[in-house]
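This report describes how the aromatic residues and the nonpolar core are arranged. Please consult the sequence and the model shown here.

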Amino acid sequence: MALPVQRTYTIPAVPVLNVPQFMTDNQTGQNNFLILTPNVLQDFTMNPDGGAGAVYDFQLVKNGNGTPVRASSPAMSPTTQGRVPIGNVSLSAGNYQWQVTQSVVGAGLAVVTVLARYASPLN
């Protein structure tokens, strides 16, 4: 049985309000990952929280198409009491990317990092 793995993703440049961009995997330096065998997204959370009052909207993209897997930074805060993990989300074979859009400025436009946990290693 494979052990869960965690990956961190960061916005590659200071975001522009309401303009989506793909996040970069801090371990590989790439903005996409390939899954050849079924996997499971177990959790997806801010690491650490973004700027005060700022709202980031995340979407998992598969093979260039948006999926229904979405999350918003206020609900992903590790300091929020009662935060519910996004998973378990089954991931079939394909090419994936995490897309982020900053939709509310709050204290300003800022680069953020998120932490994703998968049930087994990524290819």
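Buried means under 20% relative accessible area, exposed over 50% and partly exposed in between, with a 1.4 Å probe and protein chains only. The model is predicted: local features need pLDDT of at least 70, side-chain atom pairs count only at pLDDT 80 or more, and totals for chains, interfaces and linings use all residues. Residues are numbered from 1 along each chain as its sequence is written, and side-chain values use heavy atoms, with hydrogens and water left out.

By the first criterion, Phe44 and Phe58 are both buried, and Trp98 is buried as well. Rings of Phe, Tyr and Trp (its six-membered ring) pair if their centres lie within 6.5 Å; planes under 30 degrees apart count as stacked, over 60 as edge-to-face and the rest as tilted. The structure holds five aromatic pairs, including the two tabulated here.

| Pair | Centre distance | Plane angle | Class |
|---|---|---|---|
| Phe44 and Phe58 | 5.5 Å | 80° | edge-to-face |
| Phe44 and Trp98 | 3.9 Å | 15° | stacked |

Strands are DSSP runs of E of at least two residues, numbered from the N terminus. Phe44 belongs to strand 5 and Phe58 to strand 6, so their pair ties together parts 14 residues apart in sequence. The pair of Phe44 with Trp98, in strand 9, links parts of the chain 54 residues apart.

A further aromatic cluster comprises Tyr9, Phe33, Tyr96 and Tyr118. Outside its neighbours within four places in sequence, Phe33 is in contact (heavy atoms within 4.5 Å) with residues including Tyr9, Tyr96, Trp98 and Tyr118.

Methods
Helices (H or I, at least four residues) and strands (E, at least two) are DSSP runs, numbered from the N terminus.
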